[in-house]
Amino acid sequence: MNGIKPSTSSQAATLSLDPEAMAPLETPWEEFLRIFQKDYQALFGFWVLMLLLATALAGKALTEWWILFDPEVVRLTDKFLPPFSVPSLDSLPTDRPFGGMYLMGTDELGRDVFARMFQGSFVSLSVGFVAVGISLSIGILLGGLAGYYGQVKLVFITVDTLIMRFTDAMMCFPVFFLILTAIALSTPSIYTIMVIIGIFGWMGTARFVRAEFLSLREQDFVTAAKALGIPERRIIFRHMVPNALAPVFVSAIIGVASAILTESSLSFLGFGVPPPYATWGNILSDGKAFVFDAPWLFFIPGIAIFVVVLAFNLVGEGLREALNPKLRMR
Amino acid sequence: MWNFILRNIGQRLILLIIVSFVAHSFIHLAPGEPSEVDPMNPRMKPEDIAKIRAAFHLDEPLHVQYVYWIRDLASGELKSFKDSQPVLPKIWKRFLNSLPLFILATILVWTLAFPTGIYGAVYRGGVYDRSTVFLSYALISVPGFFLSYLAIMWVVGWLGVPVISIKTFGMEHAEPAYKIMDRVWHLVIPSVMTAIGGIAVLSRYVRSQMLEVLSQDYVRTAKAKGLEEGTVIYGHALGNALLPFVTMFGLLLPGLIGGSIIFEQIFAWPGLGRLSYEAILNRDFPVIMTINFMAAILTLAGTLLSDILYAVVDPRIRLH
């Protein structure tokens, strides 16, 4: 690739076509890291999320596979104990908590709140991720189809109009109301909730993806790919989608946060995940009845949800700033 | 201009028809029916269930039920499944209850969000800016009912502000002045709680719009000409920054129904959100479908209004 030969040695330094010399000073990834690391709030959010991920995995392992903290043991002798209290003398030795004391107290049935929160971290997080995964898949599929095949006519209506009108129709309804209706009218289970939250959240993603595809479609690399004879399915999913993903990624992160909040609102109204799964939303709404007698039952999950959702939002906003050059300070 | 408006209205009418189909089929496709509200009731004999199903046309195919619904809605005779009362007066009454809450919350949101956002943008990076940005992230991250319960505990305990429903029991015989003040007091906490999320989101949006405008070339020119800071910001930048928000006026309409189901439940406010919640619990299809449909109508009308306002205010849209 070194076509041009420099004629003087000083020109050699400046005119070299050597790929290493022509490379930008920092790759896009390094640039992204540099900007992201300057944002203290986003960094804080990121580490909180890493901690949450570790906690969720540890929680799943330690409460269901190698049980160290059993969230389901009912100890009626130990009801409403405050955090850091030891089990009472009446409780069975086999029911004693790991470590000898209740880190976060007990609830109205004597269950260890720490164990329930530990288990609930995995469940809440998985509800968020699965719901967002579903809405991302639907959104990217519909947005991609509308953006790429937009002008193709099916019978009398273009694909773009069809998909976009359907999206607009779905956006007309108040989303929480629809979710509540769907869940109330079907058998409540954790999978129903995940699927339903996912099914009503794809509209924003579809619009983003379509907008990105509309601009990407005209770019040269797509034309080049078509000229090379690459099948269209591969062009869409292998070449265009990765370039369209930046706003989708940001809205996905914020979507997980909003899925967690939606799940806690559903639990508040009585339509949350049914037992045996304990989610933070469940613990919070069970605890609201005891806010004067046992405030830790209400505040601990509330503050936990707050910190986690805040972390997601901060990371999402940090990503948006780092990935979008137009938003940065001039 | 008229062309633009008529085209928009036409598109929206088509969308409205599609939306009515979606609203109708969605409810009927979900499992669960009015006759199943009380499945354990031993007195519900199969003949009664059959009678209920016949009265509500539940055995007919979907498109026939759709026609029944539209016909009853248009003639105003749509009856609720729960107590056979006409649906539209029910909705209207609850809507009037929700209205003061909505108006006060909207006023709070719009008057508090703009100064916060603008000041934050103008003094970007300063203490005020960073603390309000962090505060707005915090406020959208708190679960709504968590914050409301905290507010109830502190405010009622400390300041004695009433938080249950719309008026105090027994105030019917008091003087009008006391009655009015009582209503106003009851409005305060629910509307503040409803407004908080809106203020957080809107002030961030205002701030980012203002930042984008302040980085434009014409602002730099104005400063280079030596104009005062105040003139530059309020005379030149502000008008252009606020342009998109004129269109957001239109999007206020759907909020009327979007309805704080959660907040109305917490504060026992007898409004539209609570009506929809009760209807869902009772499998009251006509009420659910009608409220959904009205929400969709308001959304479409709202977006139409904002499109028109945008065209009026921004000549670039009109001339395309």
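Here are some exercises with worked solutions on a predicted model with chains A and B.

**Exercise 1. Find which residues sit at the heart of the largest nonpolar core, and which helix gives the most to it.**

Solution.
Step 1: Start with the core itself, which has 147 residues.
Step 2: Look for the residues with the most contacts inside this core; they are A:Met117, A:Leu180, A:Ile183 and A:Phe312.
Step 3: Now turn to the helices. Helix H5 of chain A, residues 113-148, gives the most to this core, with 17 residues.
Step 4: Zoom in on A:Met117. Leaving out residues up to four places away in sequence, A:Met117 touches A:Met104, A:Trp280, A:Ile283, A:Ile300, A:Pro301 and A:Ala304.

**Exercise 2. Decide whether A:Ile300 is buried or exposed, and say what A:Ile300 is in contact with.**

Solution.
Step 1: Place the residue: A:Ile300 is part of helix H13 of chain A.
Step 2: Count the other C-beta atoms within 10 Å of A:Ile300, and you get 22. The cut-off for buried is 20 or more, so A:Ile300 is buried.
Step 3: List the contacts, skipping neighbours within four places in sequence: A:Met104, A:Val113 and A:Met117.
Step 4: Check one of these partners. A:Ile300 and A:Val113 are 187 residues apart along the chain, yet 9.1 Å separates their C-alpha atoms.

**Exercise 3. Work out which residues of helix H8 of chain A are buried, and what covers them.**

Solution.
Step 1: H8 of chain A takes in residues 190-199, and its buried residues are A:Ile193, A:Met194, A:Ile196, A:Ile197 and A:Gly198.
Step 2: The cover over these buried residues includes H5, helix H7 (175-185) and helix H11 (232-268) of chain A.

**Exercise 4. Describe how H12 and H13 of chain A pack.**

Solution.
Step 1: Two packed helices are described by the angle between their axes and the distance between the axes.
Step 2: Apply that here. H12 (residues 280-287) and H13 (residues 296-323) of chain A pack at about 145 degrees, and their axes are 8 Å apart.
Step 3: Add the handedness: H12(A) and H13(A) make a left-handed crossing.
Step 4: Name the residues that meet. From H12(A) come A:Trp280, A:Ile283, A:Leu284 and A:Gly287, and from H13(A) come A:Leu297, A:Phe298, A:Pro301, A:Gly302, A:Ala304 and A:Ile305.
Step 5: Sort them by class: 8 are nonpolar, 2 are polar and none is charged.

**Exercise 5. Explain why H13(A) is called oblique to H5(B), and list the residues that make the contact.**

Solution.
Step 1: The axes of H13(A) and helix H5 of chain B (residues 127-141) cross at roughly 125 degrees and come within 8 Å.
Step 2: Angles from 65 to 115 degrees count as roughly perpendicular and those over 145 as roughly antiparallel, so H13(A) ends up oblique to H5(B).
Step 3: H13(A) passes H5(B) in a right-handed crossing.
Step 4: On the H13(A) side you'll find A:Phe306, A:Val309, A:Leu310, A:Asn313 and A:Leu314, and on the H5(B) side B:Tyr137, B:Ala138, B:Ile140 and B:Ser141.
Step 5: By class, this contact has 7 nonpolar, 2 polar and no charged residues.

**Exercise 6. Find how many residues each chain brings to the contact between them, and describe the side of chain B.**

Solution.
Step 1: Chain B brings 35 residues and chain A brings 31.
Step 2: Of the chain B side, H14(B) supplies the largest share, 6 residues.
Step 3: By class, that side has 26 nonpolar, 9 polar and no charged residues.

**Exercise 7. Give an overview of chain B: what is its secondary structure, and how much of chain B is buried?**

Solution.
Step 1: Chain B has 15 helices and 0 strands.
Step 2: Of its 320 residues, 33% are buried.
Step 3: Along the principal axes, the C-alpha atoms of chain B fill a box of roughly 85 × 60 × 40 Å.

**Exercise 8. For A:Phe80 and B:Ala268, say what stands out about phi, and where each residue lies.**

Solution.
Step 1: Most residues other than glycine have a negative phi.
Step 2: A:Phe80 is not a glycine, but has a positive phi of about 55 degrees. B:Ala268 is not a glycine either, and its phi is positive, about 55 degrees.
Step 3: A:Phe80 lies in the loop between H4 and H5 of chain A, while B:Ala268 lies in the loop between H12 and H13 of chain B.
Step 4: With 16 other C-beta atoms within 10 Å, A:Phe80 is partly exposed. B:Ala268 has 12 and is exposed.

Notes
Residues are numbered from 1 along each chain as its sequence is written. Chains are lettered from A and ligands numbered from 1 in the order in which they are written. This is a predicted model: local features need pLDDT of at least 70, side-chain atom pairs count only at pLDDT 80 or more; totals for chains, interfaces and linings use all residues. A nonpolar core is a set of buried Ala, Val, Leu, Ile, Met, Phe, Trp, Tyr and Cys residues joined through C-beta atoms within 7 Å. Helices (H or I, at least four residues) and strands (E, at least two) are DSSP runs, numbered from the N terminus. Two residues are in contact if their C-beta atoms, placed from the backbone, lie within 7 Å. Axes are lines fitted to C-alpha atoms, for helices over the stretch in contact, and angles run from 0 to 180 degrees between N-to-C directions. A crossing is left-handed if the near helix is turned anticlockwise from the far one by less than a right angle, and right-handed if clockwise. Ala, Val, Leu, Ile, Met, Phe, Trp, Tyr, Cys and Pro count as nonpolar, Asp, Glu, Lys and Arg as charged, and the others, Gly among them, as polar. Angles under 35 degrees count as roughly parallel, over 145 as roughly antiparallel, 65 to 115 as roughly perpendicular and the rest as oblique.
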